[in-house]
Amino acid sequence: MLEYQAAKDLLMNKTILVTGAGDGIGRAAAVAFAQHGATVILLGKTVKKLEAVYDVIEQAGYPKPAIVPLDLQGATEQHYIDMAETIEQQFGHLDGLLHNASILGVLGPFQHIAMDSVQKVMQVNVIAEIMLTKALLPVMKKAPLASLVFTSSSVGRQGKAFWGEYAISKFATEGMMQTLAHEYEGSNVRVNSINPGATRTGMRANAYPAENPQTLKAAEDIMAAYLYLMGHDSVAVNGQQINAQ
Ligand code: NAP
């Protein structure tokens, strides 16, 4: 997948929303989508980070992005419904949605899982994705072709000791992807998941503090698979678990 070469204008005239667009992989994806012609809606928690991404995109001369500050931990279903209405009014339809924002929670033995921690992880990594997808699917149905991409992990495909709450949330994400892919089969909306693989970000450093980050790919180096899933080359791909590396 790293070898895929996206056409320069692959995402021209497309509107794509990226969650967690202020940092890490989401930031790199937002910039890569804009670089390939998309108008990107930058959703995230920390406004300063979103503004920095906005500036990078604007200064590069890519299509002007939009910023949606939203804390996925606290947002209610009404927040997502209101946001979807605004997107529909402003853009008419949505061509792509990358669910990227996630939190790691606490790694450790299953017996040590604290209920407040697992609830936070499930809220951001799963419940927020359900609410956001529910609100935005009608707007995506209005697009000629739309791509819905969930972000998984190696531990969302094969459980691993001590990855408890995070791994469970990523299995739920994969389940959501498969359910939706089946439900929307044959429609204009395709649904897939992506596993970025080990990537040099804040989350990875938290999970592996002793690791030398320079041994890892940067987020910018793994964008081929993200571009592939958002562009027309993947139009026949539905219900698949894609690896970015
Ligand atoms: P990251 O550097 O920690 O970035 C996560 C992003 O999500 C940040 O922009 C963060 O915003 C946002 N976010 C977190 N909580 C939020 C909330 N409550 N509301 C809104 N936005 C929130 O993580 P990453 O490594 O880029 O990971 C991106 C995705 O790839 C995640 O789904 C992760 O599980 C997955 N993944 C990563 C790796 C890896 O090696 N990096 C491997 C496998 C899978 P703030 O900065 O404002 O908090």
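Here are three short exercises, with worked solutions, on the ligand and the pockets of this predicted model.

**Exercise 1. Find which residues come nearest to the ligand, and which side chains have a polar atom 2.5 Å from one of its oxygen atoms.**

Solution.

Step 1. Start with the surroundings: 31 residues lie around the ligand, and Thr46, Lys49, Asn100, Tyr166 and Thr201 come nearest.

Step 2. Now look at side-chain N or O atoms, remembering that a polar contact needs a pair within 3.5 Å. The side chain of Thr46 has an N or O atom 2.5 Å from an oxygen atom of the ligand. For Tyr166, the distance from a side-chain N or O atom to a ligand oxygen is 2.5 Å. Thr201 also places a polar side-chain atom 2.5 Å from an oxygen atom of the ligand.

Step 3. Check how well the ligand is covered. On its own, the ligand has 900 Å² of accessible area, and the protein covers 91% of that.

**Exercise 2. Work out where the ligand sits, and what surrounds it there.**

Solution.

Step 1. Place the ligand: the largest pocket holds it.

Step 2. Ask which elements build the shell around the ligand. Two or more residues each come from α1 (24–35), α5 (164–183) and α6 (202–207). The top contributor is α6, with 3 residues.

Step 3. Sort the shell by class: you should find 15 polar, 10 nonpolar and 6 charged residues.

Step 4. Step back to the whole pocket, whose volume is about 1,100 Å³. Its lining has 45 residues, with Asn100, Ser102, Ile103, Thr201 and Met203 nearest the centre. Elements giving two or more residues to this lining are α1, β2 (39–44), α2 (47–59), α4 (115–141), α5 and α6. Here too α6 gives the most, with 5 residues. By class, the lining divides into 20 polar, 17 nonpolar and 8 charged residues.

**Exercise 3. Describe the second largest pocket by its volume, its lining and the classes of its residues.**

Solution.

Step 1. Begin with the volume, which is about 180 Å³ for the second largest pocket.

Step 2. List some of the lining: among its residues are Leu2, Arg27, Val31, His36, Glu220 and Leu227.

Step 3. Match the lining to elements. Both α1 and α7 (223–230) supply at least two residues, and α1 has the largest share, 5 residues.

Step 4. Finish with the classes: this lining has 7 nonpolar, 2 polar and 3 charged residues.

Terms used: Residues are numbered from 1 along each chain as its sequence is written. This is a predicted model: local features need pLDDT of at least 70, side-chain atom pairs count only at pLDDT 80 or more; totals for chains, interfaces and linings use all residues. Side-chain values use heavy atoms; hydrogens and water are left out. A residue is near a molecule or strand if one of its heavy atoms lies within 4 Å of it. A polar contact is a pair of N or O atoms within 3.5 Å; within protein, one must be able to donate a hydrogen and the other to accept it, and residues adjacent in sequence count only if both atoms are side-chain atoms. Accessible areas come from the Shrake-Rupley method with a 1.4 Å probe; for residues, only the protein chains shown count as cover. On a 1 Å grid over the protein atoms alone, a cavity is a set of points where a 1.4 Å probe fits but cannot get out, and a pocket is an open set with protein on both sides within 12 Å along at least five of seven lines; lining residues have an atom within 4 Å of a point. A molecule sits in a cavity or pocket if more than half of its atoms lie within 2 Å of its grid points. Helices (H or I, at least four residues) and strands (E, at least two) are DSSP runs, numbered from the N terminus. Ala, Val, Leu, Ile, Met, Phe, Trp, Tyr, Cys and Pro count as nonpolar, Asp, Glu, Lys and Arg as charged, and the others, Gly among them, as polar. Grid points are joined across faces, edges and corners, and a volume is the space filled by probe spheres set on the points.
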